[in-house]
Amino acid sequence: MWDYTSKVKDHFLNPRNVGDIPDADAVGEVGSLACGDALKLYLKLDDSKEKIVDAKFQTFGCASAIASSSALTEMVKGKTLDEALAVSNQDIAEFLGGLPEEKMHCSVMGQEALEVAIFKFRGLEVPDHDAEHDHGHAYPDYEGTLVCKCFGITDTFLKKVIADNHLTTSEQVTNFTKAGGACGSCIPKIKELIAEVLGQAKEAATKPKLSNLKKMQLVQEVLERDIRPMLRADGGDLELIDIDGDHVQIAFRKACAGCASSGNTARFVEMKLRELVYEGLHVQEVSA
Amino acid sequence: MKEIYLDNNATTKVDEAVFEEMKPYFCELYGNPSSMHYFGGQVQSKTTEARKRVADLLGASPDEIIFTACGTESDNTAIRSALEVLPDRRHIITSRVEHPAVLTQCRNLAAKGYRVTEIGVDGAGRLNMDEYRQAVDDDTVIVSFMWANNETGVIFPVEEAAAIAKKNGALFHTDAVQAVGKIPINMAVSKIDMLSLSGHKLHAPKGIGALYLRKGTPYRPLMVGGHQEKSRRAGTENAAAIIALGKACQLAGDFMETENTTVKAKCNYLEKELLAAIPHARINGGGADRLPNTTSIAFEFVEGEAILLLLSELGICASSGSACTSGSLEPSHVLRAMGVPFTCAHGSIRFSLSRYTTDAEIATVIKELPPIIARLRQMSPFGREFLK
């Protein structure tokens, strides 16, 4: 059972503004049947074509998708197009008193449909997209290289969501966009995108470089806290042999020593260290 | 609002007679069944009776029953045991639609170097027996197929599959958590080596399960450190729950005919009426041999979680194969393995009945569900286009 706020429940059980506007000025459509959720947003503008006087929606999706759509239409009514464009997915979630993190993609879908509708109305070129993948683009108006083939999500869109919401893990990206949530084969690519966006953010914030001493302390900490207990639970263990610059040398012990999948374990250790200490670390397995 | 509970494959109500049976063993007769004194001994005589009752439901003998904490523990124990007693064999066979208790374990073992073959199913959820016959070889250590599927109720030909496994020297285990108490099982005339069952699926409380282990089957315990269950499952017996499981199995035997006549008729009626009232709906696993109490219906153009929450507002409890209910984004692995299109899998709802289900409850669902589907389709950008 999801822990939905009373506001989410209210907007799900009594959705506002369901339907279509036959003479709508702007229409934005995102998602698909295959994706499991989709939203079609209709906007009616005043005579000056600047202010939204009516908004309606049609949604295929779960309770939070319906509630997010309903909230969105309530929020944009009476706003100018520029004001509406400033509505973010976080604003939609906040309006509803919060959404479970696994459901944040529903608020992203709402914000997305709004943006598509307004861009289209303003005559901004809607780029063509190739349709070689299975299910169609979920966000067709974000051109770029396709990352998640299951849900049809491009790198351009992912980078925007990662940056807007300060996401740092691939699980969060899945919760916000669905990317990586089905077959999972694009998760490494998503991690690269996070690293890229975070890298940019880091540069912007000019984060101080780790001193060698600090780096060694952190590596030891992560090994003790996050990695060795897991290995021990499976009857294995590892020992830290040396840290030489960015090269961390480890030796496997007990069940891990000579285990056929120790290569995978070493890669896992590297992944964890990169995630928790510093991107540039390399892990080497030595037989000391 | 009185709930209408049609989610009995998730868990069941503890039968009141079962609860009465277990009650004295908390505050009054709380002795340890292993103790030498009479106070503990009277608990032991009661757990012995329970073991006999469980065995009777399965057509087994009492010493073939090992009590565990749950179906998942039984599944884990069976598979781990097989790997230890046949250490030279490295091939595990299971199906793509198993419960995670089996599937996750097999996938973890694959990561540790075992060869794992997951046998597929057809569009109706039936096991691909040809694929299985091809896969089984003299390296196969264990074959584990569920007796009946939790989501669709589709029944697998486990006896036939067990015979094939035995011919190849492999052990055969079945996760019968959904089958026990719903369809007749007779281990006396079976080739199955190990069978898992769970108490809370048949009106016993949560936290009790059992593993059937055929006499003479080589075995290594998962839990060690005590002589309980003849050293086959260490740990002080959950006496009250064991006694409850015994009573629940006795009742399941008494109600077996009801399950396969009255309950089945209610389930069939529900299915028939919903299909008649709601266009663009289909039965997942229709055409296959299924449990008497389970129906999984796919409604196109709507999403399962929304249906469940609207039903829940009316006190109707069901479950869904939809991604949105579970936190994962992919619809159920069972429906995907069956090739149910994404468009239907998202809108699949499972109703699972029990002997407590009344005609009035079924009538309520038949009355309430069609407008819910219509309302959601009306809201959907696809519904209107496709339904024209």
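**Exercise 1. Around helix H7 of chain A**

Find the backbone angle that A:Lys178 takes just after H7(A), then work out how much of this helix is covered.

*Solution.* Start at the end of the helix: just after H7(A), A:Lys178 takes a positive phi of about 80°. Keep in mind that we're working with a predicted model here. Now step back into the helix itself, which spans residues 170-177. Seven of its eight residues are buried, so H7 of chain A is mostly covered. Going through them by name, you get A:Ser170, A:Gln172, A:Val173, A:Thr174, A:Asn175, A:Phe176 and A:Thr177 as the buried ones.

**Exercise 2. Two helix pairs in chain A**

Chain A has ten helices and eight strands. Take the pair H1(A) and H2(A), then the pair H9(A) and H10(A), and decide how the helices in each are oriented to each other.

*Solution.* What do you need to know about a pair? Two packed helices are described by the angle between their axes and the distance between the axes.

Step 1: H1 (residues 6-13) and H2 (residues 63-76) of chain A cross at roughly 85°, and their axes come within 8 Å. Angles of 65 to 115 degrees count as roughly perpendicular, and that is therefore the label for H1(A) and H2(A).

Step 2: look at who touches whom. From H1(A) come A:Val8, A:His11 and A:Phe12, and they meet A:Ala63, A:Ser64, A:Ile66, A:Ala67, A:Ser70, A:Ala71 and A:Glu74 in H2(A). Sorted by type, this contact has six nonpolar residues, three polar and one charged.

Step 3: on to H9 (residues 212-233) and H10 (residues 262-276) of chain A, which pack at about 140° with axes 10 Å apart. Roughly antiparallel needs an angle over 145, so H9(A) and H10(A) end up as oblique to each other. Their crossing is right-handed.

Step 4: the H9(A) side of the contact is made by A:Val219, A:Val222, A:Leu223, A:Arg225, A:Asp226, A:Ile227, A:Met230 and A:Leu231, while H10(A) brings A:Thr265, A:Phe268, A:Val269, A:Lys272, A:Leu273 and A:Leu276. The tally is ten nonpolar, one polar and three charged.

**Exercise 3. Placing A:Gly235**

Locate A:Gly235, and say whether it is buried, partly exposed or exposed.

*Solution.* You'll find A:Gly235 in the loop between H9 and strand S6 (236-244) of chain A. Its relative accessibility is 38%, so it counts as partly exposed. Leaving out residues up to four places away in sequence, A:Gly235 touches A:Lys254 and A:Ala255. For a sense of distance, try A:Leu45: it lies 190 residues from A:Gly235 in sequence, and the two C-alpha atoms are 66 Å apart in space. As for the chain around it, 47% of the 288 residues of chain A count as buried.

**Exercise 4. Hunting for disulfides**

How many disulfides does the whole structure hold, and what keeps B:Cys249 out of one?

*Solution.* First, the search over all chains finds zero disulfides. B:Cys70 is in none, and its nearest cysteine sulfur, in B:Cys249, is 15 Å away. Next, turn it around: for B:Cys249 the closest cysteine sulfur is that of B:Cys70, and 15 Å is too far for a bond. The cut-off is 2.5 Å between the sulfur atoms. Finally, check the surroundings. B:Cys70 has 29% relative accessibility, so it counts as partly exposed, whereas B:Cys249, at 2%, counts as buried.

Notes:
Residues numbered from 1 in each chain as written. Chains lettered and ligands numbered in written order. Predicted model: local features only at pLDDT ≥ 70, side-chain atom pairs only at ≥ 80, totals over all residues. Heavy atoms only, no water. Axes fitted to C-alpha atoms, helices over the stretch in contact; angles between N-to-C directions. Helix = DSSP H or I, 4+ residues; strand = E, 2+ residues; numbered from the N terminus. Parallel < 35°, antiparallel > 145°, perpendicular 65-115°, else oblique. Left-handed = near helix turned anticlockwise from the far one by under 90°. Contact = heavy atoms within 4.5 Å. Nonpolar A, V, L, I, M, F, W, Y, C, P; charged D, E, K, R; others polar. Buried < 20%, exposed > 50% of the residue type's maximum accessible area, 1.4 Å probe, protein only.
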